[in-house]
Amino acid sequence: QVQLVESGGGLVQPGGSLRLSCVASGFALNYYAVGWFRQAPGKEREGVSCISSKDGSTYYADSVKGRFTISRANAKNTVYLQMNSLKPEDTAVYFCAAHGSVCVMKNFDSGSWGQGTQVTVSS
């Protein structure tokens, strides 16, 4: 059965780092574009980052550019989101999703989603 599971969230101080993992089962993640999204209470869901399976290109929201890095570990059927220089405004539930082969963020609405992992940035 198709499944995505996020892990790696937790409580971290401002300026700290976390690495989130998105692990797929039931399908080969390397054939799909994978996006990271986040949602804070009372806020709309925001596309954070994406990696294409068509050409390997990556996307980052302006709010995280230069701080976050998305990557694949195909042998582990996993996509990572390395988050550095974390800020309180990064606090949210982070989700990964897989769909298609290109990073058109709207397309992920009809993709496969995980259950999310909580990231809290606070002193």
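**Notes on a predicted all-strand chain**

1. Let me start with a residue in a loop. S52 counts as buried, because its relative accessibility is 3% and the cut-off for buried is under 20%. The loop in question runs between β5 and β6 (58–60). Please keep in mind that this is a predicted model.

2. What does the side chain of S52 meet? It makes a polar contact of 3.4 Å with the side chain of D55. Leaving out residues up to four places away in sequence, S52 also touches A33, S57, R72, S101, V102 and C103.

3. Now for the chain as a whole. Its secondary structure consists of eleven strands and zero helices, so the pattern along the sequence reads β-β-β-β-β-β-β-β-β-β-β, and with a radius of gyration of 13 Å, close to the 14 Å from the globule rule for 123 residues, the chain is as compact as a globular protein of that length. Along the principal axes, the C-alpha atoms fill a box of roughly 40 × 25 × 25 Å.

4. Two percentages may be handy for your own comparisons. Of the 123 residues in the chain, 40% are buried. If you take the contacts between residues at least 6 apart in sequence, 59% of them join residues at least 24 apart.

5. Which strands make up the open sheet, and in what order? Four strands form it, in the order β1-β3-β8-β7, with antiparallel pairing. β1 and β7 (68–73) stand at the edges with a single partner strand each, so one side of each has no neighbour in the sheet. On average, and ignoring direction, neighbouring strands here are turned by 15 degrees against each other.

6. At one edge, β1 (residues 3–7) shows alternating side chains: L4 and E6 point to one face and are buried, whereas Q3, V5 and S7 point to the other and are not. You may want to look at E6 on screen, as it is on the buried face with L4. β1 pairs with β3 (residues 18–25) in the antiparallel sense over five bridges. Within that pairing, Q3 has S25 as its bridge partner, and V5 has V23.

7. At the other edge, β7 and β8 run antiparallel and are joined by six bridges. Their hairpin has four residues between the strands, and N77 takes a positive phi near 50 degrees there. A73 has T78 of β8 as its bridge partner.

8. T78 deserves a point of its own. Is T78, in strand β8, buried or exposed? T78 counts as buried, because its relative accessibility is 5% and the cut-off is under 20%. Its side chain reaches the backbone oxygen of K76 at 2.8 Å. Beyond residues up to four places away in sequence, T78 touches S21, C22, V23, L29, S71, R72 and A73. V23 in that list is also the bridge partner of V5, and A73 is the bridge partner of T78 itself.

9. On to the interior. In soluble globular proteins, nonpolar side chains tend to be buried together. In this chain, the largest nonpolar core has 27 residues, and W36, F68, L81, M83 and Y94 have the most contacts inside it. Two or more residues come from each of β3, β4 (33–39), β5 (46–51), β7, β8 (78–83), β9 (92–99) and β11 (117–121). Apart from this core lies another, of six residues, including A33, A97, M105 and F108. A33 is also one of the residues that S52 touches.

10. Where does M105 sit? Its place is in the loop between β9 and β10 (112–113). M105 is buried, because its relative accessible area of 19% falls under the 20% cut-off. With neighbours within four places in sequence set aside, M105 is in contact with W36, F37, G47, V48, S49, C50 and Y59. One of these, S49, is 56 residues from M105 in sequence, while the two are 9.1 Å apart in space, C-alpha to C-alpha.

Technical notes:
Residues are numbered from 1 along each chain as its sequence is written. This is a predicted model: local features need pLDDT of at least 70, side-chain atom pairs count only at pLDDT 80 or more; totals for chains, interfaces and linings use all residues. Side-chain values use heavy atoms; hydrogens and water are left out. Buried means under 20% relative accessible area, exposed over 50%, partly exposed in between (1.4 Å probe, protein chains only). Two strands pair if DSSP finds at least two bridges between them. Axes are lines fitted to C-alpha atoms, for helices over the stretch in contact, and angles run from 0 to 180 degrees between N-to-C directions. A nonpolar core is a set of buried Ala, Val, Leu, Ile, Met, Phe, Trp, Tyr and Cys residues joined through side-chain atoms within 4.5 Å. A polar contact is a pair of N or O atoms within 3.5 Å; within protein, one must be able to donate a hydrogen and the other to accept it, and residues adjacent in sequence count only if both atoms are side-chain atoms. Contact means heavy atoms within 4.5 Å. The radius of gyration is taken over C-alpha atoms; the globule rule is 2.2 Å times the number of residues to the power 0.38.
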